Amino acid sequence: MKLSSDDQKIVNDFFREHVNRSFKNPMNSVRMNVDHTFEHRERIFQICNHLIDNKIPFWTEVRLNNGCIPDIVTPTHIVTFIEVFGTETLDDFKTNKLAKYQTSGFDLKHFKFIDTSSELVFEQLW
């Protein structure tokens, strides 16, 4: 997928400022984490498939400079991060991860949270 010059600038600026560049991060490639549950990995794949169908660029398993590894990064679209919850809850996220994201200037408004135990409604992504 070729990005518009405006989207490419957003991606370049995001990666320059927030991403640990010592790891390769191919666009629109789904990277799976062996430590995630099957349901978690399946939901990530479903979301990424929907993003591709809608020509929205994404990255998975991106190591940020703040040490966090969000499930899906979508810097050119409505939210910057999509997090999939299986065994984790929003309260767990707030307790264990949010402070690290806040040090980089991100807050809850930069996230969309999707639960593996509920039906995936793609409108939830927007």
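E61 counts as buried, because its relative accessibility of 17% falls under the 20% limit for that class. The residue lies in the loop between strand 1, residues 59-60, and strand 2. Its phi angle is near 50°, a positive value in a residue other than glycine. The model described here is a predicted one.

A second residue can be read in a similar way. N28 is found in the loop between helix 1, residues 5-18, and helix 2. Phi of N28 is near 60°, again positive in a residue that is not glycine. With a relative accessibility of 19%, N28 counts as buried, since the class takes in values under 20%.

These two loops belong to a chain with 4 helices and 4 strands. Followed along the sequence, the elements come in the pattern α-α-β-β-β-α-α-β. The pattern therefore begins with two helices, passes through three strands, goes on to two helices and ends with a strand.

The overall dimensions come next. Along its principal axes, the C-alpha trace of the protein chain spans about 40 × 35 × 25 Å. A compact globule of 126 residues would have a radius of gyration near 14 Å, and the chain has 14 Å, so the value agrees with that expectation. Of the 126 residues in the chain, 40% are buried. The accessible surface comes to about 7,300 Å², and carbon and sulfur atoms account for 48% of this surface. Among contacts between residues at least 6 apart in sequence, 60% join residues at least 24 apart.

Individual residues show which parts of the chain meet. F58 is found in the loop between helix 2 and strand 1. Its relative accessibility is 0%, so F58 counts as buried. Leaving aside residues up to four places away in sequence, F58 touches P26, M27, N28, S29, V30, C48, L51, I52, I72, V73 and T74. N28, the residue with positive phi, is thus one of the contacts of F58, because heavy atoms of the two lie within 4.5 Å. F58 and T76 are 18 residues apart in sequence, and their C-alpha atoms are 8.5 Å apart in space.

F14 has its place in helix 1. At 7% relative accessibility, F14 counts as buried. Beyond residues up to four places away in sequence, F14 touches V19, L64, V73, P75, T80, F81 and F106. V73 is also among the residues touched by F58. K100 is 86 residues from F14 along the chain, and the C-alpha atoms of F14 and K100 are separated by 16 Å.

One of the contacts of F14 is T80, which lies in the loop between strand 2, residues 72-73, and strand 3. Is T80 buried or exposed? With a relative accessible area of 13%, T80 is buried. Not counting residues up to four places away in sequence, T80 touches F14, I72, V73, T74, P75, F106 and H110. Among the residues touched by T80, V73, P75 and F106 also appear in the list for F14.

H40 lies in helix 2, which covers residues 38-53. Its relative accessibility of 9% means that H40 counts as buried. Apart from residues up to four places away in sequence, H40 touches D71, V84, G86 and T116.

D71 leads to the largest pocket of the model, as it is among the residues lying nearest the pocket centre, together with H36, E83, E88 and K97. In total, 19 residues line this pocket. Strand 3, residues 81-85, and helix 4, residues 98-103, are the elements that give two or more residues to the lining. The lining divides into 4 nonpolar, 8 polar and 7 charged residues. About 320 Å³ of space lies in the pocket. Rolling a probe the size of a water molecule over the atoms shows where empty space is left.

The last residue to consider is S117, in the segment after strand 4, residues 111-115. What is the relative accessible area of S117? The value is 66%, so S117 is exposed, the cut-off for this class being over 50%. S117 and L3 are 114 residues apart in sequence and 33 Å apart in space, C-alpha to C-alpha.

Definitions and conventions:
Residues numbered from 1 in each chain as written. Predicted model: local features only at pLDDT ≥ 70, side-chain atom pairs only at ≥ 80, totals over all residues. Heavy atoms only, no water. 1 Å grid on protein atoms, 1.4 Å probe; cavity = no way out; pocket = protein on both sides within 12 Å on 5 of 7 lines; lining within 4 Å. Points joined across faces, edges and corners; volume = space filled by probe spheres on them. Nonpolar A, V, L, I, M, F, W, Y, C, P; charged D, E, K, R; others polar. Rg over C-alpha atoms; globule rule 2.2 N^0.38 Å. Buried < 20%, exposed > 50% of the residue type's maximum accessible area, 1.4 Å probe, protein only. Areas by Shrake-Rupley, 256 points an atom, 1.4 Å probe, with all protein chains shown as cover.
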